[in-house]
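Please open the model in your viewer and keep the selection tool at hand. The tour below proceeds from the whole chain to particular contacts.

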Amino acid sequence: VAPAVAPLPAFPENATLQATVDFCRDQLMAGHPEVIWQALPEDIRQMMDSQEFRSTLAKSLTSQKQTMTQIEGLFQKLAQVLVTKKQYVMNTPMLTQAVPPGMMPMVQDGYNPVVGTVYELGMLIFDLPSIDTQTMSEMMNSHGPKLGGHLKGIVAMLPPGVAQQAMAGIAIEQTDDNHGTLTMPGEEATEMVRYMDRWIPLDMFQEWQDKKGSMLSEMKTALAAAQQGEQAAENNMMAGMMITMAGSILDPMLAAKSQAQFDQALAQVMQMAPMLGLGGGDDHGFPGGPDDGFPIDEEPAAPGAGDAFPF
């Protein structure tokens, strides 16, 4: 259960670039990640809240409904393990041997907020199919404070002043009423413009102006193309087999009545890990495995530029 947070104040009107950044920073720290949604211009939020956009998005998720339901069941089972078997997780040699003794208090303090954050992110994703019956604003207002309540616990673990020092490194310069720059530490300056009483990057503003008239038709065209052929059905079948296998190996962990039983079940999971694409094996073991390594074989792929915004 997420710790309660105070209500999100109204977004400031006619705010300077500095005041906008300060407001978003303060509300993020207060447990309101949904402030990022509120920071979008009104016409973008209206388009994404429109029934036509939501119905199109919901339709695109229909072909994945069975797989998403199976994944949600697996996710809930994993969450049940992490919550109800916390003592066993914290005391398993796989963790105690991998974490230096001086770091264990931090791991113990961070366990609940980290598990809670992951859980709420999952619940937001699994709630997406209901986008046909609730607006994006309603979804953000529902999930944002829950996610933020857990994130506050993670922020609280940071040494005093660390978050403030990181934000202090951001350089902000407003050149006139509607233009300015925002520079992150070590990055080039980002040109910012005021649009519909919100400050957004110039590139984002230009892309929105270019695409807002054709976005829905392009979404529908892409959806029609994706629903053709048998690839989607084959992918769903393969995903279903992997999900069933993963669920079966979590059952012994959930049924464990002692630390020994839990550790034995966890060891079996590690043996199955290579089949599930999670690393492991002789060359890249998990902590406590043949070489005490971590299951990281290569850097994850960076998200594409188009992943930052839904347009």
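What follows is a series of selections, each with a description of what is there.

This is a predicted model, in which local features need pLDDT of at least 70 and side-chain atom pairs count only at pLDDT 80 or more, whereas totals for chains, interfaces and linings use all residues. Residues are numbered from 1 along each chain as its sequence is written, and side-chain values use heavy atoms, with hydrogens and water left out.

Begin with the whole protein, coloured by secondary structure: it has 14 helices and four strands, which are DSSP runs numbered from the N terminus (helices H or I, at least four residues; strands E, at least two). Of its 311 residues, 33% are buried, meaning under 20% relative accessible area with a 1.4 Å probe and protein chains only.

Next, select I44, M47, M48, F53, I131 and W208, which touch the most other members of the 19-residue largest nonpolar core; such a core is a set of buried Ala, Val, Leu, Ile, Met, Phe, Trp, Tyr and Cys residues joined through side-chain atoms within 4.5 Å. Among the elements that each supply at least two residues of this core are helix 3 (42-49), helix 4 (51-62), strand 3 (190-195) and helix 11 (202-211). A second, separate core of 17 residues includes V81, V99, M104 and M270.

Centre now on M47, which, leaving aside its neighbours within four places in sequence, is in contact (heavy atoms within 4.5 Å) with F53, W208 and M215. Between helix 3 and helix 4, M47, M48 and D49 meet Q51, F53 and R54.

Then show helix 8 (residues 104-126) together with helix 9, which pack at an angle of about 165 degrees with their axes 7 Å apart; axes are lines fitted to C-alpha atoms, for helices over the stretch in contact, and angles run from 0 to 180 degrees between N-to-C directions. That angle makes helix 8 roughly antiparallel to helix 9, the term used for angles over 145 degrees.

Which residues of helix 9 should be displayed at this contact? They are M139, H143, K146, L147, H150, L151, G153 and I154, and they meet helix 8 residues including N112, P113, T117 and L124.

Finish at T117 in helix 8, which counts as buried because its relative accessibility is 9%. Leaving aside neighbours within four places in sequence, T117 is in contact with L147, H150, L151 and I154.

Notes: Buried < 20%, exposed > 50% of the residue type's maximum accessible area, 1.4 Å probe, protein only. Parallel < 35°, antiparallel > 145°, perpendicular 65-115°, else oblique.
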